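Me: Please take one part of this model and look at it closely. Start from the ligand and work outward to the surroundings. Keep it brisk, and state the cut-offs as you go.

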Amino acid sequence: MRVIVFLGAPGSGKGTQAKQLSTASALSYVHLSTGDILRDAIRREEPLGRTANAYMSKGNLVPDEVMLDLINSVLSRVESTSPSATILMDGFPRTIPQATALDLGGKTRVGMAVFFSVPESVLIARLTGRRICKVCGASFHIEFLPPKHNCVCDKCGGALFQREDDSRDVVINRLRVFGSQNEPLLEHYRLSNRLVTIDADRPVEQIHFDIVNKLR
Ligand code: AMP
């Protein structure tokens, strides 16, 4: 199973791009976001959600052993349902043990890692202004992509909310955690000639165009 890893800080736009690529019908990409899977487990009040929430609400990483169990079970599910799909991995790996496990893991093969490069000041503005629809999950921004009516989703009329971990203090911690893990991860993929860096401080369409070209 082919895997493409999207690396980048929270707010760097990797989820937006992965979502867009996976919904383009001509391409057979599966978007796999570990953050979304964990948030879903929290909503469903599963044991995994309870464990993860203690870390996520503070902006810290969920321990590697929890994440490795999770990723192994998700990958074997995708393997059985869509064996020929290419997986766009968004939010995993975040540490060297996770990257190593992914490289050694069964039938998966990480062909490329795409790093979304964005200055920190832009990340803070993007994350703290982000608002999400409670009903359909659509993402807005109070300044860059405001909804037509205050606090209401343009797409489905649902109420918009701010993710707990998008509050300013937690964002600062998430970026600090990211900063401490990122360089070794980039080095891991750079040394094996799998790293591609893109300037992700540009309009969504331009980044999409760049990525499609790199993935060819
Ligand atoms: P994200 O939506 O990717 O920004 O992830 C939100 C939160 O989920 C992170 O701040 C972590 O607490 C947790 N998380 C997601 N993916 C991982 C991972 N691969 N390793 C550890 N924690 C993770």
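Reply: What follows starts at the ligand and moves outward through the helices and sheets.

This is a predicted model, in which local features need pLDDT of at least 70 and side-chain atom pairs count only at pLDDT 80 or more, while totals for chains, interfaces and linings use all residues. Residues are numbered from 1 along each chain as its sequence is written, and side-chain values use heavy atoms, with hydrogens and water left out.

The ligand has 16 residues around it. A residue counts as near when one of its heavy atoms lies within 4 Å. Thr-34, Asn-60, Gly-91, Arg-94 and Gln-98 are the closest. Three side chains make polar contacts, that is, pairs of N or O atoms within 3.5 Å. (Within protein, one atom must be able to donate a hydrogen and the other to accept it; residues adjacent in sequence count only if both atoms are side-chain atoms.) Thr-34 puts a side-chain N or O atom 2.8 Å from a ligand nitrogen. Arg-94 does so at 2.9 Å, also with a ligand nitrogen. Arg-39 has a polar side-chain atom 3.0 Å from a ligand oxygen.

Now the backbone beside Arg-94. The peptide bond from Phe-92 to Pro-93 is cis, with omega near 0 degrees. Pro-93 sits in the loop that links strand 3 to helix 5 (96–104). Helices here are DSSP runs of H or I with at least four residues, strands are E runs of at least two, and both are numbered from the N terminus. Why remark on a cis bond? Because most peptide bonds are trans.

Arg-39 leads to helix 2. Helix 2 (residues 34–43) packs on helix 3 (residues 47–56) at about 115 degrees, with the axes 7 Å apart. Axes are lines fitted to C-alpha atoms, for helices over the stretch in contact, and angles run from 0 to 180 degrees between N-to-C directions. The crossing is left-handed: the near helix is turned anticlockwise from the far one by less than a right angle, whereas clockwise would be right-handed. Contact means heavy atoms within 4.5 Å. On the helix 2 side, Gly-35, Leu-38, Arg-39, Ala-41 and Ile-42 take part. They meet Leu-48, Gly-49, Ala-52, Asn-53 and Met-56 of helix 3. By class, that makes six nonpolar, three polar and one charged residues. (Ala, Val, Leu, Ile, Met, Phe, Trp, Tyr, Cys and Pro count as nonpolar; Asp, Glu, Lys and Arg as charged; the others, Gly among them, as polar.)

The loop between helix 2 and helix 3 holds Glu-45. Its phi is near 55 degrees, a positive value in a residue other than glycine. Most residues other than glycine have a negative phi.

Next comes the parallel sheet. Five strands form an open sheet in the order 2-3-1-4-8. Two strands pair if DSSP finds at least two bridges between them. Strand 2 (29–33) and strand 8 (195–199) are the edges, each pairing on one side only. From one strand to the next, the twist averages 25 degrees. Strand 1 (residues 2–8) and strand 4 (residues 109–117) share seven bridges. There Phe-6 stands opposite Val-114.

Helix 1 lies across strand 1, strand 2, strand 3 (86–90) and strand 4, at about 150 degrees to strand 2. Helix 1 (residues 14–23) also meets helix 8 (residues 204–215): their axes come within 10 Å and cross at roughly 65 degrees. This crossing is right-handed. Thr-16, Gln-17, Gln-20 and Leu-21 of helix 1 face partners including Ile-207, His-208 and Ile-211 of helix 8. The contact has six nonpolar, four polar and no charged residues.

Last, the antiparallel sheet. Its three strands run in the order 6-5-7, and the sheet is open. Strand 6 (139–141) and strand 7 (160–161) are its edges. Strand 5 pairs with strand 6 over three bridges, with Ile-132 opposite Ser-139. Five residues separate the two strands in a hairpin, and Gly-137 in the turn has a positive phi of about 85 degrees. Two bridges join strand 5 (residues 130–133) to strand 7. Here Ile-132 partners Phe-161, and Cys-133 stands opposite Leu-160. Helix 6 (residues 120–128) lies across strand 5 and strand 6, at about 35 degrees to strand 5.
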